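Student: I am new to this structure and would like a close look at one part of it. Could you take me through that part slowly and then show me how the rest fits around it?

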Amino acid sequence: MGRTIKRVNMAAIRPAEKLKRVAAYARVSCGKDAMLHSLSAQVSYYSGLIQKTPGWEYAGVYADEAVSGTKNSRGEFQKMLAECRAGNIDLIITKSISRFARNTVTTLKTIRELRLIGVDVYFEEQNIHTLGEDGEFVLTLLAAYAEEEARSASENQRWRVRRNFEQGLPWRVDMFGYRLVDNRLEIVPEEAALLRRAAELYLEGHTQEMLADYFDKAGAVGRHGAKISGTGIIQLLCNEKIAGDMLLQKTHCIDPISKIHKVNHGEWMQYFVEGSHEGILDRETYKKVLAERARRVEALGMDGRDCTRKHRPFSSRITCGECGKHFMQRVWDTKKRGRRVVWVCKTHIRSAARCSIGQIPEPLLEKLAAEAMGRRKYDPAEFREKVMEIQVPENGRLIFVFKDGHTVEKQHGFEWPDGRRCHICQR
């Protein structure tokens, strides 16, 4: 049989070129009407540009408002990065490096991560593609310049804050019981009534936990919507503002990029303004509260807390994955079940309905910590040296985060001999 040779047109059977999935990122630095209008205009511009360009597929426009570019908590920005990691974006368009981020470390870390997964970022003003040959080199220089701009803006802001302090004016106050109106503190009546009653209870001998329960039953929450702890209530009662005075510049921002604040122990000038506003407590009651706190501090050993805290390696190192609060130690000592030492989420202690992450026995924590460190026996000193945090994303699962960056996951199905998992919710 003779051979048959046919001419094949490869162009006709070649699959259509895949569309490039393109997204855009926009941001303005404050929530003023003019800025928000600018943000809306940017969103409209990028939406139209992406949808009109041949070969591009619209992958969304992500926009953040009223958030500083020096912070990493921008919601839309993080959502965009998540889409990139999921493989849903090939190219990101943004106006400039300063709109993308003003922190050199954050900028380069993000760009390098995106380069590794094949995502290109195009900066319009600088005409730079990060996947280009010279992209990262130029990016480093420009990001450093943008960081210097952020530092300059922070210095200007710091100068304005100092001028306010010199005139005896507060800069920002979010204290429970007061609101700041035209640079002057005004009493919030219903909150002030709770604080006055709390002072009375404290002087009658009520503990911090009792005060926290009192505020909880009254439905009182802090300025950011969270419950006020017993320690927080004592701090409010001992704050000089509650007696009508103000001590300005208690903290100082030492780095405009990381926004790290340091308590001012005299390194920077402070300003005390006596009788700056109406007090919630009279001065005699305020002095009694301070004296009672000093008495309790002396009785308990350190800052009014259990002086054995320093011997607890797990303190402030176990984080609940459901509500974000730290675990705290609780001890049950009964004749029927004996002594039990457990660590339990602070939210779960208040209300098991708000957080389902139950307690973890301390012996079990020590056993799992030893296994995570590759040791047969638990050593608290080694634990403090090596482990940065223990994350508890769900019941029965622990993630040990080490200071060198690696993590070890451990699982358990522990139950007490009587079958109950938690003394609080009885599960």
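Student: In β20, which residue is the bridge partner of Phe-400?

Tutor: Happy to help! This is a predicted model, in which local features need pLDDT of at least 70 and side-chain atom pairs count only at pLDDT 80 or more, while totals for chains, interfaces and linings use all residues. Residues are numbered from 1 along each chain as its sequence is written, and side-chain values use heavy atoms, with hydrogens and water left out.

The partner you asked about is Val-408 in β20. The strands β19 and β20 pair in the antiparallel sense over five bridges. Two strands are said to pair if DSSP finds at least two bridges between them. Strands are DSSP runs of E with at least two residues, helices are runs of H or I with at least four, and both are numbered from the N terminus. The two strands form a hairpin with four residues between them, and there Gly-405 takes a positive phi near 105 degrees.

Side chains also link these strands. Glu-409 and Arg-397 meet in a salt bridge, with N to O at 2.7 Å. The pair links distant parts of the chain, with Glu-409 in strand β20 (residues 407–411) and Arg-397 in strand β19 (residues 397–402), twelve residues apart. A salt bridge here is a side-chain nitrogen of Lys or Arg within 4 Å of a carboxyl oxygen of Asp or Glu. Glu-409 counts as partly exposed because its relative accessibility is 40%, and Arg-397 is also partly exposed, at 24%. As for the cut-offs, buried means under 20% relative accessible area, exposed over 50%, and partly exposed in between, with a 1.4 Å probe and protein chains only. Lys-410 belongs to a network of salt bridges with Lys-367 and Glu-371.

Now for the other salt bridges, since the structure holds 15 of them. One joins the side chains of Asp-90 and Arg-21, at 3.0 Å from N to O. This pair links distant parts of the chain, 69 residues apart: Asp-90 lies in the loop between α3 (75–85) and β3 (91–94), and Arg-21 in strand β1 (residues 20–27). Asp-90 is partly exposed at 22% relative accessibility, whereas Arg-21 counts as buried at 18%. Another salt bridge joins Glu-240 and Lys-241, whose closest N and O atoms are 3.4 Å apart. Glu-240 is buried at 11% relative accessibility, and Lys-241 is buried with a relative accessible area of 11%.

There is another hairpin to look at. Strand β6 (residues 178–181) runs antiparallel to β7, and four bridges join them. Two residues lie between these strands, and Asp-182 in the turn has a positive phi of about 50 degrees. Arg-179 stands opposite Glu-186 in β7. Glu-186 lies with Arg-184 on the uncovered face of β7 (residues 184–187), while Leu-185 and Ile-187 form the covered one.

For a buried spot, turn to Thr-130, in the loop between β5 (128–129) and α6 (135–166). Thr-130 counts as buried because its relative accessible area is 0%. Leaving out residues up to four places away in sequence, Thr-130 touches Ile-111, Arg-115, Val-119, Asp-120, Val-121, Phe-123, Gly-135 and Leu-139. Contact means heavy atoms within 4.5 Å.

Finally, the whole chain: it has 13 helices and 20 strands, and buried residues make up 39% of its 427 residues.
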